[in-house]
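Me: Please take a close look at the charged side chains in this protein and how they pair up. Then walk me from there to the strands behind them.

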Amino acid sequence: MASLGQILFWSIISIIIILAGAIALIIGFGISAFSMPEVNVDYNASSETLRCEAPRWFPQPTVVWASQVDQGANFSEVSNTSFELNSENVTMKVVSVLYNVTINNTYSCMIENDIAKATGDIKVTESEIKRRSHLQLLNSKASLCVSSFFAISWALLPLSPYLMLK
């Protein structure tokens, strides 16, 4: 049976390992944030309009709209994007509106910075609306750091009870 001192010692070692992993995550990502966009039909607008919102991004991303039907089209003149600082004054909410959309077309709202690229797709037909979103990490150093942190944590934490008995 492990003594109270051994249990405390190995508990502190486990906490140090977890904190080291968290610090590695911060170093790997830097100060950054990204989130999935949600694309919806804006029924409050006077014309057919789509609204793309993502709650948290940092650093400030770029936003680009694309269309399956109008491939290669530049939608910058028929869209408006804003970045609103969130209450913690670090991350920003991304809101982009696309005007004059046509029915029976699939539109994509792509939000991207140095860390991640997130895409929200929406297909609007006469009878239904279909949505899909996906997220891709672009910074391989950050991806490797996250993978390493979880690998080390999952490898060492199960050993804690064994180490406490020694």
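**Salt bridges and the strands behind them**

Reply: Let's begin with K130 and E128, whose side chains meet in a salt bridge with an N to O distance of 3.7 Å. Please keep in mind that this is a predicted model. Neither partner is hidden away: K130 is partly exposed at 47% relative accessible area, and E128 is partly exposed at 39%. The structure holds five salt bridges, so let's move on to some others.

K93 and E53 also join their side chains in a salt bridge, at 3.1 Å from N to O. K93 belongs to strand β5 and E53 to strand β2, so this pair ties together parts that lie 40 residues apart in sequence. Both ends are partly exposed, with relative accessible areas of 26% for K93 and 24% for E53. There is a further member to add here, since R51, E53 and K93 are linked in a network of salt bridges.

E88 and R56 form another salt bridge, at 3.8 Å from N to O. Here too distant parts of the chain are linked: E88 sits in the loop between β4 (79–85) and β5, R56 sits in strand β2, and the two are 32 residues apart. E88 is partly exposed at 32%, and R56 counts as partly exposed at 41%.

The loop between β4 and β5 that holds E88 also holds N89. This residue is worth a look on your screen: N89 has a positive phi of about 60 degrees although it is not a glycine. N89 is exposed, with a relative accessible area of 56%. For context, most residues other than glycine have a negative phi, and most peptide bonds are trans. Another departure of this kind is N104, with a positive phi near 65 degrees, in the loop between β5 and β6. N104 counts as partly exposed, at 48% relative accessibility. As for peptide bonds, a cis one joins F58 and P59, with omega at about -5 degrees, and P59 is placed in the loop between β2 and β3.

Now for the strands themselves. β2 and β5, which carry E53 and K93, are among the elements that give two or more residues to the largest nonpolar core, as you will see in a moment. That core has 19 residues, and those with the most contacts inside it are L50, W65, Y107 and I111. The elements giving two or more residues to the core are β1 (38–41), β2 (49–57), β3, β5 (92–99), β6 and β7.

Strand β6 (residues 105–112) is mostly covered, with six of its eight residues buried. On one hand, β6 pairs with strand β3 (residues 62–67) in the antiparallel sense over six bridges, and W65 has C109 of β6 as its bridge partner. On the other hand, β6 runs antiparallel to strand β7 (residues 116–124), joined to it by eight bridges. β6 and β7 form a hairpin with three residues between them.

Y107 is a good place to finish. This residue stands opposite I122 in β7. Apart from neighbours within four places in sequence, its contacts include L50, W65, F75, L98 and V101, as well as T102 and D121.

Conventions:
Residues are numbered from 1 along each chain as its sequence is written. This is a predicted model: local features need pLDDT of at least 70, side-chain atom pairs count only at pLDDT 80 or more; totals for chains, interfaces and linings use all residues. Side-chain values use heavy atoms; hydrogens and water are left out. Buried means under 20% relative accessible area, exposed over 50%, partly exposed in between (1.4 Å probe, protein chains only). Helices (H or I, at least four residues) and strands (E, at least two) are DSSP runs, numbered from the N terminus. Two strands pair if DSSP finds at least two bridges between them. A nonpolar core is a set of buried Ala, Val, Leu, Ile, Met, Phe, Trp, Tyr and Cys residues joined through side-chain atoms within 4.5 Å. Contact means heavy atoms within 4.5 Å. A salt bridge is a side-chain nitrogen of Lys or Arg within 4 Å of a carboxyl oxygen of Asp or Glu.
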